[in-house]
Amino acid sequence: MPLSLQDALKAAMQNNFDIRVDRVTLQQADWTLKGSHGLYDTQLTFDWYTQVSRQPTTSQLQVGNLTTEYMNRQDAYNLGLQQMTPWGQSFQFQWMNTRDRSNSSFNYLNPIYTSSGMLGTSLPLLRGLGKDVASVTVLKAKIDQSVADVSFVKNLRDSLLQVESDYFQLVYAIKDLEAKEAALELAKKFQDETRKRIEVGVLAPIEQVTADAQVATRDQDIITASQSVGDRNDILKLDMGIAKDSADWQRPIHPTDEPKLISNDKPEAQ
């Protein structure tokens, strides 16, 4: 499959496993930083419970009649608010409500409602006082996020540089294979010419051994170069995040870009 350098870099940014892991790590650091500010969010709590007690009556004075069971039920509804400040001080507010009901005929009010409220604050004086101490979780999350950001940029740059290097290593391996194939063709031509010269008596038969050895050497070079092209294909596919069980893994890569030669020679002054 034809592949340009820009397409290889784009595919690596989207599918490279290491880059994806670093991206998740960076997102996790961002979420941790956002979550750390939840320390200053207002906390709202609501409690509700019911408590019922039943017991046999032992005296008429418990309920005022001949009921064989004394019953008392209490329902509670509690609302709470808590707020933390950046300097370490916290404020609390609680509003508590209860409803009591029983089967006693001696109660003037049945059911009975009660409400109470509490407003308080706490400020550490010896430990945990100050904005830096109170916001240490946020400060740590900011540092972790900065470290993750720098690490992501560094790893992304290194990964893309590795993709570029492996891309041109594949270009070099393909060019080297082409050169080896051209050398084999020359060696075969030399082998044929040597055979013809031996037949006409221009060269000694021993020269045929040298020509055959050159062809065998070129064949071995092509095998090694072909193996290198296959290895470089696999390495670049891994850099691009291509799965081994996908159809693209079986397709050889054909680079369309070649390295550019930049001359450092300074132009001569006129």
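This note goes through the sheet, its largest pocket and the helix packing of a predicted model.

1. The sheet as a whole. Four strands make an open sheet in the order β2-β3-β4-β5, and the pairing is antiparallel. β2 and β5 (112–122) are the edge strands, each pairing on one side only. From one strand to the next the twist averages 15 degrees. As background, strands of a sheet pair through backbone hydrogen bonds, either parallel or antiparallel.

2. β2 with β3. Strand β2 covers residues 43–56 and strand β3 covers residues 69–84; the two pair in the antiparallel sense over 14 bridges. To find the register by eye, start at Phe46, which stands opposite Leu79 in β3.

3. β3 with β4. Strand β4 runs over residues 90–102 and pairs with β3 in the antiparallel sense over 13 bridges. Leu79 serves again as a reference here, since it stands opposite Trp95 in β4. Leu79 can therefore be followed in both directions across the sheet, to Phe46 and to Trp95. A second check on the register is Arg73, whose bridge partner in β4 is Arg101.

4. The turn between β3 and β4. These two strands form a hairpin, with five residues between them. One residue of the turn, Gly88, has a positive phi of about 105 degrees.

5. β4 with β5. The antiparallel pairing of β4 and β5 extends over 11 bridges. Two positions fix the register: Met96 stands opposite Ser116 in β5, and the bridge partner of Thr98 in β5 is Thr114.

6. The largest pocket. Its volume is about 160 Å³. Which strands supply the lining? β2, β3 and β4 each give at least two residues, and the largest share, five residues, comes from β3. Among the lining residues are Gln43, Thr45 and Asp47, together with Asn78, Leu79, Gly80, Leu81 and Gln82. Gln92, Phe93, Gln94 and Met96 also line the pocket. By type, the lining divides into four nonpolar, seven polar and one charged residue.

7. Residues that appear twice. Leu79 lines the largest pocket and stands opposite Trp95 in β4. Met96 is likewise in the lining, and stands opposite Ser116 in β5. In a regular strand the side chains alternate between the two faces of the sheet.

8. α5 with α6. Two packed helices are described by the angle between their axes and the distance between the axes. Helix α5 (residues 136–199) and helix α6 (residues 206–239) pack at an angle of about 165 degrees, and their axes are 8 Å apart. Because of that angle, α5 is roughly antiparallel to α6. Their crossing is left-handed. The residues of this contact divide into 18 nonpolar, nine polar and 13 charged.

9. α2 with α5. Helix α2 (residues 17–36) also packs against α5, at an angle of about 165 degrees and with the axes 9 Å apart. The angle makes α2 roughly antiparallel to α5. The crossing of α2 and α5 is left-handed.

10. α1 with α5. Helix α1 (residues 5–15) packs with α5 at an angle of about 140 degrees, the axes being 10 Å apart. Why are α1 and α5 described as oblique to each other? Angles over 145 degrees count as roughly antiparallel, and the angle here is about 140 degrees; α1 and α5 are therefore oblique to each other. The crossing of α1 and α5 is right-handed.

Definitions and conventions
Residues are numbered from 1 along each chain as its sequence is written. This is a predicted model: local features need pLDDT of at least 70, side-chain atom pairs count only at pLDDT 80 or more; totals for chains, interfaces and linings use all residues. Side-chain values use heavy atoms; hydrogens and water are left out. Two strands pair if DSSP finds at least two bridges between them. On a 1 Å grid over the protein atoms alone, a cavity is a set of points where a 1.4 Å probe fits but cannot get out, and a pocket is an open set with protein on both sides within 12 Å along at least five of seven lines; lining residues have an atom within 4 Å of a point. Grid points are joined across faces, edges and corners, and a volume is the space filled by probe spheres set on the points. Ala, Val, Leu, Ile, Met, Phe, Trp, Tyr, Cys and Pro count as nonpolar, Asp, Glu, Lys and Arg as charged, and the others, Gly among them, as polar. Axes are lines fitted to C-alpha atoms, for helices over the stretch in contact, and angles run from 0 to 180 degrees between N-to-C directions. Angles under 35 degrees count as roughly parallel, over 145 as roughly antiparallel, 65 to 115 as roughly perpendicular and the rest as oblique. A crossing is left-handed if the near helix is turned anticlockwise from the far one by less than a right angle, and right-handed if clockwise.
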